[in-house]
Each structure stands twice: as structure tokens, then as C-alpha cells.
Amino acid sequence: MNKAKLCAITTVSVTMKTFVVPMMDHLQKNGYDVTLLCSMDQVFIRQYQNLFKCVSVQMKRGIDPLGALRAIWKMYRLFRKERFDMIQYATPNAAFYAAIIGWLTRTPKRVYCQWGIRYVGCNGWERVIFRLMEKVTCSLSTDIRPASRKNLNFAVGENLYRAEKADVVGDGGTIGVDLKRFDISKKAKLRYETRTKLSFGNSVVFGYVGTVRPDKGCNELLAAFKSLWEKNNSFRLLILGEEFDQDPLNPNLRQWAVECDGVYFAGGVFDVPRYMAAMDILVHPSYREGFSMVIQEAAAFGLPVITTDIPGPSEVIEENVTGLLVPPKDTASLFGAMERLGEDTNLQKMMGEAGLERDIKLFERSIMLDKVLKDRNTILARIS
């Protein structure tokens, strides 16, 4: 029996490695012949060329007209040659290009993994352009897989596509959480080592994991923690992630945070579990999100979560059971939630235990990957 030919496409390799490779590995072991396509460096190619067919197409995030034309031409030649049974794509630019070329080359199944809606975080002409790209991508896709039920409902309400064209895999998300990497049995040792290294002592530590930029709620996080610190300077804030130069933080808040003894910028770190183990509470105040693997990872380490009441994050947690919800862009509400949870260690423990139980039941990686496999098999079965 011939294997189904599938091409997975993202704009950059970090997205491919984090969210797509585990999924493609599972599919390839279960009847698929997989090609990976993204903007690859030599490190990525060396790491995966013996596992998958790897095709590097240079693409950039943001608006890049000349780069778009080159990427579209290269994709067109590849799709004409390979005649894939299915293409799967995510991230704005790659999805936009792939949907167009997949439609032009009559690829039978064009699956858009709508793991985030970029234009929600934009204003002005950028919002207009990215919304148009989203609409075209959705229109030319045969199947759409939004990250959550609320994201699906939002997109339908925005007239991006009809509800019958889309479905959510399992209870939402992408590939679930790797409970072997975020192994709670190793947390105590990692916690002791990291807190000792960072001189956190017995302080309650709030943590943030992600790109450090305004639309991830980082200005509100710094402002809320500043108010909290001025009231009780025993708290700490640990920030994991690189700053985004094209969209910088409020300079006054950033300067205060850099100079504050209670704030630690760890930058981009590979060993996220080691640093996350040092946290007591994850704060995730994003304006927009697909679903949030970070919240699932925090729950795997028994951390309660404070996040925004938006599609995705509000579905990962169970409000007042595994965490607290606050409105986006609302510093006062975020401060209140941080103060409430930061001062109540019993509530931290109760929510953390409930979050871990929810993670194991709904989002464990092998469970999610099996659901993805079943979903893709169902899509392929509809080829006429």
C-alpha cells in the first residue's frame, strides 16, 4: 500500500521544530510519507534530513513582497513535481503562500492549522493586510483546524470561513505537552538548584515564558508587578524569552524592571523546565493566542496560571480551578489576580494540583498525537 504524501509547511524552522516535527514523526510512523518545508538553516537540515525529506524555502515573518514571490515560485515547482495528497500549513506567510499554490496545483487536501490569528494583534494598515491574507488562506483551504473551540467561533463570527469547514482536534491545542520533558518527579531537584542559583530563597516567584513584546501583555505584566513590588518587595518575577526589537516594550517600564532587584530577565533559554521549576505561578497576559503550550507545560509542573480571558488560554485552564482569568490589556485586574494568588499558598497548591490532573487527562502528548492521526486519516478518506 502506498503511503500518503504529506508536506508540512511553516514560515520559520523554530515553529516547525517546536510544534510540527513531533506530529510529523507520529504521522510518518503511521502511513505517511512526510516532507518538511520552511526557511531552514544547516543545523535544522542536519538534524532532520535522515528522518524526513527537507526542503528549505527562504521566508520571513512580516510583509516581504519580493521574498513572497520567490517562495511561491519554489513551492509551485515542488508541488507540481511531488503531487502531494495533502499539504498542512501554519503561520501567516507560509500558510498564505501554501494555500494559493496548493489551490493552483489542485492538491486534493489543503489543511490550514489556524494556531493563531495574526491580525488580531495589529492596527491600521497592517490589520487590513493580515486580515485579507487570513481570509484568502481560509478560502483556499479544504479543511481548517483552529487551535480551540473559541478560536473557531471567533473566526466564523469574523466571516473567515463557514463552521462546517473547520473542526478542533481533541480538546484543543497542537501536539499536547511532553510529560517526559516536563517531568514533575524531577521538579524538586530542578527547583532547588535554580532558586539557589538565582538567589530566590523562599520568595513567591511569578514567571513569564514567551517572546517579550507588548502584544503578549508584557507591559501590563511589568506594570502590575511594579505595583506589587512597591507593596511587597518579597515577590520575584522571572522572565524567560527574547525581546522583540521590532516591537519594543515601554522604555520606562523596561528600565525600571532592569534596575529592580525583584525582576530577573533570563533571556532565551533552552532548558525551560529547569527555570519553570523555580516558579510558583505562571503569568500569561497575552492579547492573542492560538491555545498556549506554555500554559500546558506550566500545568505539567503543577503551577497555577493567571492568563487572559481570550480564545485559547481561557480554554486551557479551568477558571477558579486551575487558574485565574483577567481581561486583556487590564493592568489593574492583572495586579489584583497576582496579589490574590501570590499571597495564598494554599490556593496555589490546590490550583496547581488540579492543573496537573487536567493536563494528564486532556493534553498529554501521545493522546494528542493519536487524535491528530485520526483527524488526518479522516480528511484523507474524503478524497474523491
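Here are a few short exercises on this predicted model, each with a worked solution.

**Exercise 1. Work out how strand 8 and strand 9 are arranged, and how the chain gets from one to the other.**

Start by finding the two strands: strand 8 covers residues 236–240, and strand 9 covers residues 263–267. Next, look at how they run: they are parallel, and four bridges join them. For a spot to check by eye, go to L240, which stands opposite G267 in strand 9. Now follow the chain out of strand 8: it passes through helix 9 (residues 251–259) before it reaches strand 9. That makes a β-α-β crossover, and its hand is right-handed.

**Exercise 2. Decide whether F79 and F84 are stacked or edge-to-face, and whether each is buried or exposed.**

First take the angle between the ring planes, which is 90 degrees. Planes over 60 degrees apart count as edge-to-face, and that is what this aromatic pair is. The ring centres sit 5.8 Å from each other. Then check the cover: F79 has a relative accessible area of 1%, so F79 is buried. F84 comes out at 3%, so F84 is buried too. This pair belongs to a count of 12 aromatic pairs.

**Exercise 3. Do the ring check for Y89 and Y112, then say which parts of the chain they tie together.**

Here the planes are at 20 degrees and the centres are 6.0 Å apart, so the pair is stacked. Now place the residues: Y89 is in strand 4 (residues 86–89), while Y112 is in strand 5 (residues 109–112). The pair therefore ties together parts that are 23 residues apart in sequence. As for cover, both Y89 and Y112 are buried. While you're looking at rings, find F44, Y48 and F52 as well: they form one aromatic cluster.

**Exercise 4. Find the nonpolar surface patch that includes W125, and say how exposed W125 is.**

Begin with W125 itself, which is in helix 5 (residues 124–140). Its relative accessible area is 57%; exposed means over 50%, so W125 is exposed. Then add its partners: I63 and I129 join W125 in a nonpolar patch on the surface. Together the three have about 310 Å² of accessible area.

**Exercise 5. Locate G121, classify its exposure, and give its separation from G241.**

Look in the loop between strand 5 and helix 5, and you'll find G121 there. With a relative accessible area of 28%, G121 is partly exposed. Finally, jump 120 residues along the chain to G241: the C-alpha atoms of G121 and G241 are separated by 19 Å.

Methods: Residues numbered from 1 in each chain as written. Predicted model: local features only at pLDDT ≥ 70, side-chain atom pairs only at ≥ 80, totals over all residues. Heavy atoms only, no water. Pairing = 2+ DSSP bridges. Right-handed = clockwise from strand over helix to strand, strands pointing away. Patch = residues over 30% accessible without salt bridge, like charges linked within 9 Å, V, L, I, M, F, W, Y side chains within 5 Å. Areas by Shrake-Rupley, 256 points an atom, 1.4 Å probe, with all protein chains shown as cover. Salt bridge = Lys/Arg side-chain N within 4 Å of Asp/Glu carboxyl O. Buried < 20%, exposed > 50% of the residue type's maximum accessible area, 1.4 Å probe, protein only. Phe/Tyr/Trp six-rings, centres within 6.5 Å; stacked < 30°, edge-to-face > 60°.
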